[in-house]
Amino acid sequence: MRRRVTPVGGRGAGAAAAALIFGGAGVLLGVAATPAQAAEVSFATHCVPPAGIDPVDGTTKVEITAPATAKVGDTVDIGWKFVQAASKNPDIIDLPANSVQPSGTLKAAGAQTADIAMQGPRENPAIPKGGAMVLSDMKGTLKLTAPGAVTLTPDAYTVNAMSTDTKCTPTETVQKAATIEVTAGDGSSPSPSPTPSDSATPSATPTHTPTPSASASQSDGTGGQTDFTGKEVQVPYACKTPIGDKSATSPVQINARKNGGSYDLTVQFKKSVMDSPADIPKDSVKPSMEVVLGGADKGTVQVEGPMNSVAIKSGAPIEIPDLTGTYKPGASGTSTLSPGVLTVKALGTTTTCTPTKSEVSLTLDTAAQPGGAAGGSSSSGGSSTSGSATGGGLAATGSDDHGAVKALGLVAGTAILLGTAIFTFMPHRRTR
């Protein structure tokens, strides 16, 4: 028999507790509703946020709901309601609605010992920087196997916020929150105890075979080659956030098309599909990159992509568009083009990732043009003469609408969320 408990709405000691027993056998036999209990306990808690954020010591207050009585063989539903979480949202980024999910463990002891897995849905209102964490109610089940008193005590829990975990552990002995008096069953109708999993099983990842592409090094004279295809290179990035350094790797390819004396550049991220960790509004993600010049030429060329044209739902794929810009050579000879600094503005924040190893994607035979890239006093001289797609782009990566670099970015199939860089490439190419 499976007993389901309706959580009690009140939180005070004098709140009335009630429960309804559902299940075919119980209804047919006309069994009266079993009283439920809802007890609140509080305990000192030590919370460890993602790397770079100081640990927090606070107080957790929870309300545990469980049936007062049950029988051996029953599978009972148990509720965990957060009255107060021990930690707050750090002063880093506003958390969007439905981006926080709690999970934890409830200890069963006495007549039966078990660790009960508890989990709540990813449901929360928008939480501002420094605001109190609002966590959804968690639920779990326990199959009763022995007669006697079974006590329930809250234990450690984890708060997952936009792909990062904050782990909270009691630092004192926690008082029991509920007791189930279990009587012996009649043995005539054992209760099944299905344990469905809420976790999606990831599909097998097929082997990815990148399209081979040789580095072009041809004359750009009249009647010569006009389209130049770069090779796909694996770029290791070191990403700077205010709460620590992170690293990840992404495949990048630089292509060019001759346009008069200049070249129209297209930078492609060959595996650029990922799942969004939260709802992302329309026109809120803007990627850009510096293409580093070498060989005969010097400087950088700014390329950038358009804003996302449609809203992206949590769990839906994110695709970084092609980044485009114009390269005007400043020197004659053999010039190389390599992926450089990535900058992404997303949801009012800026994240900057710098390659830790440079690898040439494209080689061109260039002819110097007036006002070309070579000869600048710094890399910014190259980008200022590069004629990037929107005139200036995002070269000043140290400032945006909110000042200093923050800890959220979505970069070429990358989620950098609250200081955690995760390059999660899905097992298929983008269709071009």
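Let me begin with C168, which is buried at a relative accessible area of 1%, and I should say at once that what we are looking at is a predicted model. The partner of C168 is C47, the two forming a disulfide with their sulfur atoms 2.2 Å apart, and the count for the structure comes to 1 disulfide. C47 lies in strand 2, residues 36-48, and C168 in strand 10, residues 164-170, so that the bond ties together parts of the chain that are 121 residues apart in sequence. C47 is buried as well, with a relative accessible area of 0%. As for the hand of this disulfide, the torsion about the S-S bond of C47 and C168 is about 115 degrees, so the disulfide is right-handed.

From there I would like to turn to the strand pairing around strand 11. Strand 11, residues 178-183, pairs with strand 4, residues 69-71, in the parallel sense over 3 bridges, and within that pairing the bridge partner of A70 is V182 in strand 11. Strand 11 also pairs with strand 9, residues 148-161, here in the antiparallel sense and over 5 bridges, with A149 having E181 of strand 11 as its bridge partner.

Strand 9 comes up again when we look at the aromatic residues. The structure holds 5 aromatic pairs, and one of them is formed by W80 and F82, a tilted pair whose rings are 5.6 Å centre to centre, with 45 degrees between the planes. W80 counts as buried at 1% relative accessibility, and F82 likewise counts as buried, at 8%. How are the rings of W80 and Y157 arranged with respect to each other? Their centres are 6.3 Å apart and their planes stand at 70 degrees, and because planes over 60 degrees apart count as edge-to-face, that is the class of this pair. W80 lies in strand 5, residues 75-84, whereas Y157 lies in strand 9, so the pair ties together parts that are 77 residues apart in sequence. Y157 is buried, with a relative accessible area of 2%, and W80, F82 and Y157 together form one aromatic cluster. Elsewhere, there is a contact between a charge and a ring, in which the charged end of K258 sits over the ring of Y263, 6.0 Å from its centre.

That leaves the charged pairs. Side chains of opposite charge can pair when their charged atoms come close, and the structure holds 6 salt bridges, of which I will go through some examples. Strand 5 contributes K81, whose side chain meets that of D137 in a salt bridge at 3.7 Å, N to O. D137 lies in the loop between strand 7 (114-119) and strand 8 (138-143), so this pair ties together parts that are 56 residues apart in sequence, and D137 counts as partly exposed at 37% relative accessibility.

In another salt bridge, the side chains of D115 and K107 meet at 2.9 Å, N to O; here D115 is exposed, with a relative accessible area of 53%, while K107 counts as partly exposed at 32%.

Is the salt bridge between E304 and K286 made by residues that are buried or exposed? Both E304 and K286 are buried, and their closest N and O atoms are 3.7 Å apart. This pair links distant parts of the chain, with E304 in strand 18, residues 299-304, and K286 in strand 17, residues 285-295, the two being 18 residues apart.

Key: Residues numbered from 1 in each chain as written. Predicted model: local features only at pLDDT ≥ 70, side-chain atom pairs only at ≥ 80, totals over all residues. Heavy atoms only, no water. Disulfide = S-S within 2.5 Å. Helix = DSSP H or I, 4+ residues; strand = E, 2+ residues; numbered from the N terminus. Buried < 20%, exposed > 50% of the residue type's maximum accessible area, 1.4 Å probe, protein only. Pairing = 2+ DSSP bridges. Phe/Tyr/Trp six-rings, centres within 6.5 Å; stacked < 30°, edge-to-face > 60°. Lys NZ or Arg CZ within 6 Å of the ring centre and 35° of its normal. Salt bridge = Lys/Arg side-chain N within 4 Å of Asp/Glu carboxyl O.
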